Amino acid sequence: MASVYTVTQVTAYIRNMFTQDFALNRISIKGEVSNCKYHTSGHIYFTLKDGGSQIAAVMFAGQRKGLTFELEEGQEVTVTGNVDVYERDGRYQLYAKEITREGRGDLFARFEKLRNELEDMGMFDGCYKQPIPKYALKVGIVTASTGAAIRDIMNISARRNPYVQLILYPALVQGERAKFSIVKGIETLDRMGLDVIIVGRGGGSIEDLWAFNEEMVARAIFNSTTPIISAVGHETDVTIADYVADLRAPTPSAAAELAVFDLSQFEEQVKLYSQVLNRSMERKVEKLAFRLEQGKMRLTLHSPERQLVDRRQRLADIESQMERIMKERLGSDKRRLTDIEKRLSFLIEGSLKAGKHRLALGAGRLEALSPLKKLSAGYGFVTDTRGNAVRTIAQTKPGDIIGISVRDGRIEAQVEHVFESEG
C-alpha cells in the first residue's frame with residue numbers, strides 16, 4: 001500500500017524543491033504590474049503578468065529601500081528575487097528583492113490613449129456635467145446582482161432613506177461581454193425617467209475594472225440624459241467612466257450616500273426650519289399686533305367722537321371763559337357807564353345852561369330881526385308876483401303888480417312910477 005501524506009508534508013516537500021532549485025533562488029521576471037496594494041505594514045502586494053499568465057508577488061518592507069519609484073498599476077517592470085511556496089495557502093509566489101522600471105504596460109497605455117482622445121473631444125468638460133438631484137426618489141443601479149457593491153448600496157440606502165426606490169439592472173462587470181451589458185443597463189435605466197443612476201462595482205485589478213475603461217461605456221455615460229454617479233473600485237482606482245460621469249464617488253458606498261439623501265437629517269432640518277419659521281411668524285405677529293395697537297390708539301385720538309368730545313370740552317371752557325370775561329367787562333362797563341352818565345349829566349346841565357343862554361341871545365337877535373316886529377313898527381315887506389322880496393328898484397317897472405305885507409295883512413298895488421334915490 002502506498003504511503004499517505006498530509007497536506008503540510010506535501011507542501012513542505014514542494015517548498016524544499018523550490019528552495020533547492022538554483023534558478024528559482026535568483027531569478028528576474030519581466031511583466032506588467034497589476035492589482036498593486038500598499039499594506040499598512042509597509043509590504044507591497046502585487047501581481048506580475050504578461051499576455052499569457054500571471055504570478056503573485058510581494059516585496060517586504062525591509063526590501064523597499066532599493067525601490068526608487070512608486071509602484072503603480074500598468075507599469076512594465078523587471079522583478080528580481082526568488083520564487084518560493086507560501087505554505088499556508090499552498091501556492092507559489094515571487095518574493096521581490098529588487099524592482100526596476102522598464103516602461104508602461106499595454107493596458108495602461110490603452111487607458112492613457114483613450115483618456116487623452118476623449119479629453120480632446122471635450123467629453124470630460126465640466127459644462128456637460130449634470131447636477132445630481134438633492135432629493136432623489138428613484139435611483140437606478142448598474143452593477144452585478146451579487147457582490148459587495150449592491151449590498152453596500154442597499155444597506156446604506158435603507159439606513160439613510162427607506163422610502164427611496166432602488167432599481168437594479170443586473171449587469172456583467174467583468175469579462176469580454178461586460179462592456180455590452182453595462183451599456184445596455186445604462187440605456188435601459190435612462191429611458192425609465194429615474195432621478196439618478198449609479199454605475200460601478202467593487203475593487204479589483206486593472207483587468208477586472210477594464211470594462212469601465214471602454215469607449216462605448218464612456219459614450220453611453222456621456223449620452224445619458226439621467227445624471228450618472230460613477231463608483232468603480234476603491235478610492236485609488238480611477239477609470240475612464242469616472243472622468244465622463246457627472247460625479248465620481250470613491251466607492252459604491254460613497255455613491256449611495258451621494259445619491260440618497262439622509263431622511264433623518266432632512267427631517268431635523270425641516271424641524272429646524274419649522275422652528276425658525278414659527279419664531280419668525282411669532283415675531284411678525286407680535287410686531288403687527290403692536291402696530292395694530294398703535295393704530296387703534298391713533299385712531300382713537302383722531303376719531304370723530306373723540307374730536308367731538310374734545311371740542312365740546314373746549315367749547316364749554318370757552319363759554320366759561322366768555323362768561324367770566326363778560327362779567328368782568330360788564331362790571332367794568334357799568335362803572336364806566338355810571339361815570340359816563342355822571343359826566344354826561346354834568347355836561348348836559350352845562351350845555352343846557354349855555355344853550356339857554358345862547359338861545360336867549362339868539363331869540364333876542366331874532367326878535368330884533370323879525371319882520372313881524374318891523375311890520376308892527378309901521379314897516380312893510382314888498383314882494384313881486386312870484387313872492388320874491390323886492391330890495392331894489394331894478395326888480396320892478398311901471399305896470400308891475402307888487403305885494404306889500406303889513407302888520408295886519410297884505411296889500412296888492414301896481415307900480416306907476418319908479419324913482420331912483422338921490423345920493
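The following exercises, each with a worked solution, concern a predicted model of a protein chain.

**Exercise 1. The division of the chain**

Task: State which domains the chain is divided into, and how far apart the C-alpha centres of domain 1 and domain 3 lie.

Solution.
Step 1. According to the domain assignment, the chain comprises domain 1 (5-101), domain 2 (104-260) and domain 3 (374-413).
Step 2. Between the C-alpha centres of domain 1 and domain 3 there is a distance of 187 Å.

**Exercise 2. The order of strands in a sheet**

Task: Give the order of the strands in the open sheet of 5 strands, and determine which strands stand at the edges.

Solution.
Step 1. Reading across the sheet, the order is β7-β6-β8-β9-β10, and the pairing is parallel.
Step 2. The strands at the edges are β7 and β10 (247-248); each has a single partner strand, so one side of each lacks a neighbour in the sheet.
Step 3. At the β10 edge, the pairing with strand β9 (residues 228-232) is parallel and consists of 2 bridges. Within this pairing, Ile229 has Leu247 of β10 as its bridge partner.

**Exercise 3. Strand β6 and its partners**

Task: Describe how β6 pairs with β7 and with β8, and explain why β6 is largely enclosed.

Solution.
Step 1. Strand β6 pairs with strand β7 (residues 165-170) in the parallel sense, over 6 bridges. In this pairing, Lys138 stands opposite Gln165 of β7.
Step 2. The path of the chain from β6 to β7 leads through helix α4 (residues 148-160), and the resulting β-α-β crossover is right-handed.
Step 3. Strand β6 is also joined to strand β8 (residues 196-201) by 4 bridges, and these two strands run parallel. Here Val139 stands opposite Val196 of β8.
Step 4. A residue is buried when its relative accessible area is under 20%. Of the 6 residues of β6 (residues 138-143), 5 are buried, so the strand is largely enclosed by the rest of the structure.

**Exercise 4. One face of a helix**

Task: Identify which residues of helix α6 (residues 215-223) are buried, and determine how they are arranged about the helix axis.

Solution.
Step 1. The buried residues in α6 are Val217, Ala218, Ala220 and Ile221.
Step 2. When the helix is viewed down its axis, the buried residues fall within an arc of 160°, so they line one face of α6.

**Exercise 5. Salt bridges**

Task: State how many salt bridges the whole structure holds, and describe the partners in the pairs formed by Arg248, Arg324 and Arg386.

Solution.
Step 1. Side chains of opposite charge can pair when their charged atoms come close. A search of the whole structure finds 13 salt bridges.
Step 2. One of the pairs is Arg248 with Asp242, whose closest N and O atoms are 3.4 Å apart. Arg248 is partly exposed, at 31% relative accessibility, whereas Asp242 is buried, at 7%.
Step 3. Another pair is Arg324 with Glu328, where the closest N and O atoms are 3.4 Å apart. These residues are 4 apart in helix α10 (residues 304-369), so about one helical turn separates them. Arg324 is partly exposed, with a relative accessible area of 43%, and Glu328 is partly exposed, with 48%.
Step 4. Arg386 and Asp384 also form a salt bridge, at 3.9 Å from N to O. Arg386 is exposed, with a relative accessible area of 66%, whereas Asp384 is buried, with 11%.
Step 5. In addition, Arg15, Asp84 and Glu87 are joined into one network by salt bridges that share partners.

**Exercise 6. Cysteines and a positive phi angle**

Task: State how many disulfides the structure holds, classify Cys36 and Cys127 as buried or exposed, and describe the phi angle and surroundings of Asn35.

Solution.
Step 1. The structure holds 0 disulfides.
Step 2. Cys36 has 17% relative accessibility and therefore counts as buried. Cys127 has 57% relative accessibility and therefore counts as exposed.
Step 3. Asn35 lies in strand β1 (residues 27-38). The phi of Asn35 is near 55°, which is a positive value in a residue other than glycine.
Step 4. At 27% relative accessibility, Asn35 is classified as partly exposed.

How values were computed. Residues are numbered from 1 along each chain as its sequence is written. This is a predicted model: local features need pLDDT of at least 70, side-chain atom pairs count only at pLDDT 80 or more; totals for chains, interfaces and linings use all residues. Side-chain values use heavy atoms; hydrogens and water are left out. Buried means under 20% relative accessible area, exposed over 50%, partly exposed in between (1.4 Å probe, protein chains only). Two strands pair if DSSP finds at least two bridges between them. A crossover is right-handed if, with the strands pointing away from the viewer, the path from the first strand over the helix to the second runs clockwise. A salt bridge is a side-chain nitrogen of Lys or Arg within 4 Å of a carboxyl oxygen of Asp or Glu. A disulfide is a pair of cysteine sulfur atoms within 2.5 Å. The arc is that of the directions from the helix axis to the C-beta atoms. Domain bounds come from an automatic or database domain assignment.
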